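Q: I'm new to this structure and would like a close look at one part of it. Could you take me through the sheet in chain A, and then show me what sits around it and elsewhere?

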Amino acid sequence: MSSLLEIQRDFRRAILAGDTTALAAFIEVEGIAAAERIEIHRNNARMSLSAALAETFPVVCRLVDARFFAFAAHEFICGLPPDTPCVAGYGARFADFLADFPPCRELVYLADVARLEWVLQRAGAAADGTPLDPASLGGLAAADAERLTFRFQPSFGYLCSPWPIIEIWRANQSEVTARAPVNLESGGALLEVRRRDGVVEFRELAPATFAFRAALDGGTALGDAIEAVAGVEGEFDVNAECAALFIEGAIAGFNLVGSA
Amino acid sequence: MFDDRTRRAEAQIGIGLRAPHVDELSATRPALDFLEVHAENYMDFGPAFTRLMYIRRDFMLSLHGVGLSLGSAEGLDRDHLGRFRDLIDRVQPFLVSEHLSWSVVDGAYLNDLLPLPYTEESLAIVTRNVAAAQDGLGRSLLVENPSRYLRFRDSRIPEAEFLAELVRRTGCGILCDVNNLYVNAHNVGEDPILYLETLPADAIGEIHLAGHARCDIDERTLLIDDHGAAICDEVWTLFGAALNRFGAVPSLIERDKNLPALADLVAEASIARSIHVLAA
């Protein structure tokens, strides 16, 4: 094994696990202990990643308070460090981490609030796409329609929660000084998030519309998405729902399942 | 060695572009020759990128990468290199720079510019990575001397000689950060004047200037390169020495923490310009 690789793995252990023993053996002491010198780098790495998470998840931070957030962020960073240097996009798995994090178990809605903040962050940073002209589907045979899959604009996202995450999110914005209690039994949310004219917005969808759009956004073919809606409550007009996707500029591209 | 010598001659003094200053820079267009951005902040190609392309109409841009991890023993992340190439193709920066450091091991990105032992093995690895980066990006890179808080026992090659050899092997250029020279003199006993004399003068493509913080440990002090304060007198003096040796290369004020009003950074840029003209 390369000795540089060995040192770099020791550095990783020092930064993420706090174990500086192996790395310290490679470092000159020179008046300040090797562990103290390593601590500068450990601090830089963890504080900057923790700050990136706090920027993406400000409401989670407010819900659990900043000190607990720093503790949770530290545990997350150590277990699931970023796999890309674009750290503004770090935290895709933070909500799942919180869902399984024992100290948060009583905050049953926390992971879903984190999911909302993640989708909002991604919607804010996403590239602008050009909406697909529905005329580009004109050459398709009617029989092929059920094999259609759609690529949504990068800013679009869908999430559902059994908890009133919108009310929780609104009550915990930084400008809100007096937090009214949120009734956790007041119902869940079926949300669509997007950026429009530079502003990230979200809205609640009817159950059937949500099921349809979320299935398509997840790569389900049109025929299967329509079937998935069949068991969902409420009226559902397929033609109108498909037209709405184009009118709202949600669709960036399409493909046919089973074709090259 | 550089892609566009004419434009390089136009670009003399710049500052790091930070989000809170974007609107004011566009509106007031202060006397700056170029702006530098951290490449990784724009790789979503979203609204921040759109604003960057808008500001590009008024200022030349240079891209400063923090995530290529040129010192990684495992080699470069091809996906990241591809994103960097896309950004370069769209921004058309006059300079592209990275660091003599590493941040990735076993696929984990550790989000700091971590130090290398200066050994023959490291030199071979960095040479391979810089060559691969320049191939992948389709242009030459400037490689920056890092701030350091520790020395490896096995480091046998002085850092300036390491960089000089990297230039010989890869044709890359050097970004000389004079605040890092000052910080390293204090933290690891590097001699900044000897360092400047050892670097190959014709490879220097840019100079960085910044402030730093003090951190007291065990009755000793380490200087932390946090880009969080005004530039100190000693670093201005080193800047003059660097310009005397390298000529009037593009020079940049970096500020990340304790971000002051734009006017304060423009004032520091004016000081830099007054020193710069003496070397022109």
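A: Here is a walk through that sheet, followed by a few other spots to find on screen. Keep in mind that this is a predicted model.

Let's start with the sheet itself. It is an open sheet of three strands in chain A, in the order β2-β3-β4, with antiparallel pairing. At its edges you'll find β2 (157-161) and β4 of chain A, each of which pairs on one side only. Going from one strand to the next, the twist averages 25 degrees. As a bit of background, strands of a sheet pair through backbone hydrogen bonds, either parallel or antiparallel.

Now zoom in on β3 and β4. Strand β3 (residues 189-196) of chain A is joined to β4(A) by six bridges, and the two run antiparallel. For a single pair to look at, pick E192(A): its bridge partner in β4(A) is R203(A). There is also a helix packed on the sheet, namely α9 (residues 207-217) of chain A, which touches β2, β3 and β4 of chain A. The direction of α9 makes about 130 degrees with that of β2(A).

Strand β4 also takes part in one of the 22 aromatic pairs counted over all chains. W169(A) and F202(A) form an edge-to-face pair, with 5.3 Å from centre to centre and 85 degrees between the planes. This pair links distant parts of the chain: W169(A) belongs to helix α8 (residues 165-171) of chain A, F202(A) to strand β4 (residues 199-204) of chain A, and the two are 33 residues apart. W169(A) counts as buried because its relative accessible area is 18%, under the 20% cut-off.

Let's step back to the whole chain for a moment. The domain assignment splits chain A into domain 1 (1-107) and domain 2 (128-260). Their C-alpha centres lie 35 Å apart. Elsewhere in chain A, ring pairs tie a set of aromatic residues into a cluster: F57(A), F68(A), F69(A), F71(A), F76(A), Y90(A), F94(A), F97(A), F101(A) and W118(A).

What about cysteines? The structure holds zero disulfides over all chains. Take C78(A): the nearest cysteine sulfur, that of C104(A), is 16 Å away, so C78(A) is in no disulfide, given that a disulfide needs sulfur atoms within 2.5 Å. C78(A) is partly exposed, at 22% relative accessible area, whereas C86(A) counts as buried at 15%.

For something to set beside the chain A sheet, hop over to chain B. There, three bridges join strand β5 (residues 102-105) to β6(B), and these strands run antiparallel. W102(B) has L114(B) as its bridge partner in β6(B). β6(B) is mostly covered, with six of its seven residues buried. The hairpin of β5(B) and β6(B) has two residues between the strands, and D106(B) takes a positive phi near 50 degrees there.

Most residues other than glycine have a negative phi. N111(B), in strand β6 (residues 108-114) of chain B, has a positive phi near 55 degrees, and this residue counts as buried at 15% relative accessibility. S69(B) also has a positive phi, of about 55 degrees, although it is not a glycine. You'll find S69(B) in the loop between β3 (60-64) and α4 (78-91) of chain B, where it is buried with a relative accessible area of 3%.

Technical notes
Residues are numbered from 1 along each chain as its sequence is written. Chains are lettered from A and ligands numbered from 1 in the order in which they are written. This is a predicted model: local features need pLDDT of at least 70, side-chain atom pairs count only at pLDDT 80 or more; totals for chains, interfaces and linings use all residues. Side-chain values use heavy atoms; hydrogens and water are left out. Buried means under 20% relative accessible area, exposed over 50%, partly exposed in between (1.4 Å probe, protein chains only). Rings of Phe, Tyr and Trp (its six-membered ring) pair if their centres lie within 6.5 Å; planes under 30 degrees apart count as stacked, over 60 as edge-to-face and the rest as tilted. Helices (H or I, at least four residues) and strands (E, at least two) are DSSP runs, numbered from the N terminus. Domain bounds come from an automatic or database domain assignment. Two strands pair if DSSP finds at least two bridges between them. Axes are lines fitted to C-alpha atoms, for helices over the stretch in contact, and angles run from 0 to 180 degrees between N-to-C directions. Contact means heavy atoms within 4.5 Å.
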